[in-house]
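I sat down with this one today and jotted notes as I went. Here is the entry I was working from.

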Amino acid sequence: MEQQLKELQTEALAKVEAAADLKQLNDIRVAYLGKKGPITEVLKGMGKLSAEERPKMGALANEVRAAVSAAIEGKQSALEQQAIQAQLEKETVDVTLPGRPARTGNAHPLTKVVEEIEDLFIGMGYSIAEGPEVEMDYYNFEALNLPKGHPARDMQDSFYITEDILLRTHTSPVQARTMEKHKGQGPVKIICPGKVYRRDNDDATHSHQFTQIEGLVVDENISMGDLKGTLEVFAKKLFGEDREIRLRPSFFPFTEPSVEVDVSCMCGGKGCRICKETGWIEILGAGMVHPNVLEMAGFDSKKYTGFAFGMGPDRIAMLKYGIDDIRHFYTDDIRFLKQFAEHE
Ligand SMILES: [Zn+2]
């Protein structure tokens, strides 16, 4: 019996050693240490042994069980370790590979131009005023000297939501709202940047949505000279010190007198495709705030005067960057937008 038990131990240990994975090892555990295993079988023959030999064999059987059990545990942790190692090797990261560069975005060309113009006017003491894009007819038209039925407010030009609410067609309602808040007390010195909407057939130079920046100054003794001086500084800062401006008479319902403002072309007046051979490029409309507009906003037009101007950053960005189609600003082609990144 002693011989049988020792053979069993040798056999079991050899199998444990040879076990290739945790499943095989578990099978060995069940086969040798289970209730129906060979060790239990051998011990059934104990009845034939003498009284002295019985405890000896019992002790030996326990030793064999303990040895096999220890071998199994040892093998189990070795196999588990191996499995972890194998997984680690499989999932190794090659830290010597070059990293993927992070893709950074850049400001939209319109945003850049708007911010540049904002900075310029902030430097001249203006503050920025903003207002709703969904606007009341009163602020969009009536408060700006455009009563209902005025020919300049053609229904075709606007996106109406109800009869009295529309998508603003210019940023001028922000001027009207700001003046109203001042309750007849000057000075007012603001610029109003923002998106505006008009019913238009989109083409290379027209879009149903575009950007506008308007400026408004209301105070005592504001004259046309102040307007011209301000716009001259603006044009030189934005386009270059060698540029000049000229004013041409025009008409807007909310200003009197009104002017169109041209900036001298980069061709230096020789004439080119951009200025259509005239040497001048129209960049904005301006004028002295109409007394009716001042009065409607609660200002005494005998005490206060003011000037206002409005420009299209879309057009300015097109001139500044040589962009030939306004639709590029709104179609979000990443190849177009990437050209305005400050650094790669
Ligand atoms: Zn030119």
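My notes cover the metal site and then one helix.

**Metal site.** I reminded myself that this is a predicted model. I then asked which residues are the protein donors of the zinc ion. I found the SG atoms of Cys265, Cys267, Cys272 and Cys275, lying 2.2 to 2.4 Å from the zinc ion. Along the chain I read their spacing as C-x1-C-x4-C-x2-C. I looked up the geometry next: the four donor atoms subtend angles of 102 to 116 degrees around the zinc ion, so the arrangement is tetrahedral.

Buried or exposed, I wondered about Cys265? At 2% relative accessibility Cys265 counts as buried. Cys272 comes out at 18% relative accessible area, and with the cut-off for buried set at under 20%, I put Cys272 down as buried too.

**Helix 2.** I moved on to helix 2, residues 22-33. Its 12 residues reach 16 Å from the first C-alpha to the last, close to the 16 Å expected at 1.5 Å a residue. I checked which residues of helix 2 are buried and got Leu25, Ile28 and Tyr32. They cover an arc of only 55 degrees around the axis, which puts them on the same side of helix 2. That fits a rule I keep handy: an α-helix has 3.6 residues a turn, so residues three or four places apart point the same way.

What covers that buried side? I noted helix 1 (2-18), helix 3 (38-43) and helix 4 (53-90) among the elements covering the buried residues. On the face turned away from the buried side I found Lys23 and Val30, both exposed.

Last lookup was the N-terminal end of helix 2: Asp21 caps it, with a side-chain oxygen 3.1 Å from the backbone nitrogen of Lys23.

Technical notes. Residues numbered from 1 in each chain as written. Predicted model: local features only at pLDDT ≥ 70, side-chain atom pairs only at ≥ 80, totals over all residues. Heavy atoms only, no water. Donors = N, O, S within 2.8 Å, 3.2 Å for Na, K, Ca; no water. Tetrahedral: all angles 85-135°; square planar, octahedral: opposite > 155°, others 65-115°. Buried < 20%, exposed > 50% of the residue type's maximum accessible area, 1.4 Å probe, protein only. Helix = DSSP H or I, 4+ residues; strand = E, 2+ residues; numbered from the N terminus. Expected span 1.5 Å × (residues − 1). Arc of directions from axis to C-beta. Contact = heavy atoms within 4.5 Å. Polar contact = N/O pair within 3.5 Å; in protein donor to acceptor, adjacent residues only side chain to side chain.
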